[in-house]
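Subject: Structure handover

Hi,

Here is the structure I promised to pass on. Please open it first, then read the notes below.

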Amino acid sequence: MSEPELRRVHEALAALEAHGRRVTLWWRDDDAVAPTPALDRLLALAGRFELPLALAVIPAQTGPALAARLAATPRVAVLQHGWQHRNHASRAEKKVELGAHRPVDAVLDELRHGRERLAGLFREQFLPVLVPPWNRIAPGVAAALPSIGLAGLSTYGAAAATNQVNTHLDILAWKPVRRPLSRAEAFSLLAAELERRLAGDDEPLGILTHHLVHDEASWTLLGDLLSLLATHPAATWPLVSSLFSPAVP
Ligand SMILES: [Zn+2]
């Protein structure tokens, strides 16, 4: 094993195993709206490793075709990815759909429409969990989510709230231009997150992907990560619904 970052990952997993500990892993993929060859590839990968998958779907852009495609994939849960994935920030600011640029009630109205639309399309595959586009949400909007039936929240980085289950390993870098993480970058991030679990934090560890923009390097990296983690004795992959309970009944 000549890659030092990969060795760190193996050492952290072995240490967890030696302590009788298991890290809770989950996988979120963002921006799905319709069946595509890339979605087929994503679902095939989840099927190959028999892993649960959370698909963050954009309510205003999706429809019955995606619902029909997902109906035969019981390990796939649908989460709500904002309303229409539209940026309301100025060009000088970071992109945000659910920020403080508009009144909280206007934002909540959109999200309520989105929740109802996804619940109607995806039925029991839909979980009332919000994934804010660009992983950003104004605190006032986040605090009001339960009032419109959105019981869970998922963004990026260490989770701040009890109803929040976050992602921590994005296999893409977005700045200054989008590119796949190198293996060294990905394994280094993963090792740091595993070491945080080893130190006592039992927050579920989320892998974040964007199937519509993966190039071959990203697919390869994702396959390598999943094959490393899918069956490791120190890893457990609960169904997405159970990750968010009791917030989501
Ligand atoms: Zn997105």
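Start with strand β2, residues 53-57. Five of its five residues are buried, so the strand is largely enclosed by the rest of the structure. Bear in mind that this is a predicted model. The burial holds on both faces of β2. Leu53, Leu55 and Val57 are buried on one side. Ala54 and Ala56 are buried on the other.

What pairs with β2?

Strand β1, residues 23-32, runs parallel to β2 and is joined to it by four bridges. To find the register, take two partners. Asp29 has Leu55 of β2 as its bridge partner. Ala32 is partnered by Val57 of β2. The connection goes through helix α2, residues 37-48: β1, α2 and β2 form a right-handed β-α-β unit.

Strand β3, residues 76-80, also pairs with β2. The two run parallel, with five bridges between them. Ala54 has Ala77 of β3 as its bridge partner. From β2 the chain passes through helix α3, residues 64-70, to reach β3, and this β-α-β crossover is right-handed.

Next, strand β4.

This strand spans residues 126-130. Five of its five residues are buried, so β4 is largely enclosed by the rest of the structure. Both of its faces are covered. Phe126, Pro128 and Leu130 are buried on one side, Leu127 and Val129 on the other. β4 pairs with β3 in the parallel sense, over two bridges. Val78 stands opposite Phe126 of β4. The chain gets from β3 to β4 through α4, in a right-handed β-α-β crossover.

β4 also pairs with strand β5, residues 152-153. Two bridges join them, and they run parallel. The bridge partner of Val129 in β5 is Gly152. Helix α5, residues 139-144, completes a right-handed β-α-β unit with β4 and β5.

One residue in α4 deserves a look: Phe122.

Helix α4 covers residues 104-122, and Phe122 belongs to it. Is Phe122 buried or exposed? Its relative accessible area is 3%. The cut-off for buried is under 20%, so Phe122 counts as buried. Which residues does Phe122 touch, not counting those up to four places away in sequence? They are Val57, Thr62, Leu66, Ala67, Leu70 and Val78. Several of these tie back to elements above. Val57 is one of the buried residues of β2, and Val78 is the residue that stands opposite Phe126 in β4. Also check Ala71. Phe122 and Ala71 are 51 residues apart in sequence, yet their C-alpha atoms are 7.9 Å apart in space.

Back to β1, which has further partners.

Eight of the 10 residues of β1 are buried, so this strand too is largely enclosed by the rest of the structure. Besides β2, β1 runs parallel to strand β9, residues 205-209, with five bridges joining them. Leu25 stands opposite Leu205 in β9. β1 also pairs in the parallel sense with strand β10, residues 235-236, over two bridges. Val23 has Ala235 of β10 as its bridge partner.

Last, the largest pocket.

How much space lies in the largest pocket? About 660 Å³. Of the 24 residues that line this pocket, the closest to its centre are Trp134, Asn135, Arg136, Asp170 and Trp174. By class, the lining divides into 10 nonpolar, four polar and 10 charged residues. Which element gives the largest share of the lining? It is β1, with three residues. So β1 appears twice in these notes: as a strand with eight of its 10 residues buried, and as the element with the largest share of the pocket lining.

If you want an order for viewing, take β2 with both of its covered faces, then Phe122 and its contacts. Finish with the pocket and the five residues closest to its centre, Trp134, Asn135, Arg136, Asp170 and Trp174.

Best wishes

Notes:
Residues numbered from 1 in each chain as written. Predicted model: local features only at pLDDT ≥ 70, side-chain atom pairs only at ≥ 80, totals over all residues. Heavy atoms only, no water. Buried < 20%, exposed > 50% of the residue type's maximum accessible area, 1.4 Å probe, protein only. Pairing = 2+ DSSP bridges. Right-handed = clockwise from strand over helix to strand, strands pointing away. Contact = heavy atoms within 4.5 Å. 1 Å grid on protein atoms, 1.4 Å probe; cavity = no way out; pocket = protein on both sides within 12 Å on 5 of 7 lines; lining within 4 Å. Points joined across faces, edges and corners; volume = space filled by probe spheres on them. Nonpolar A, V, L, I, M, F, W, Y, C, P; charged D, E, K, R; others polar.
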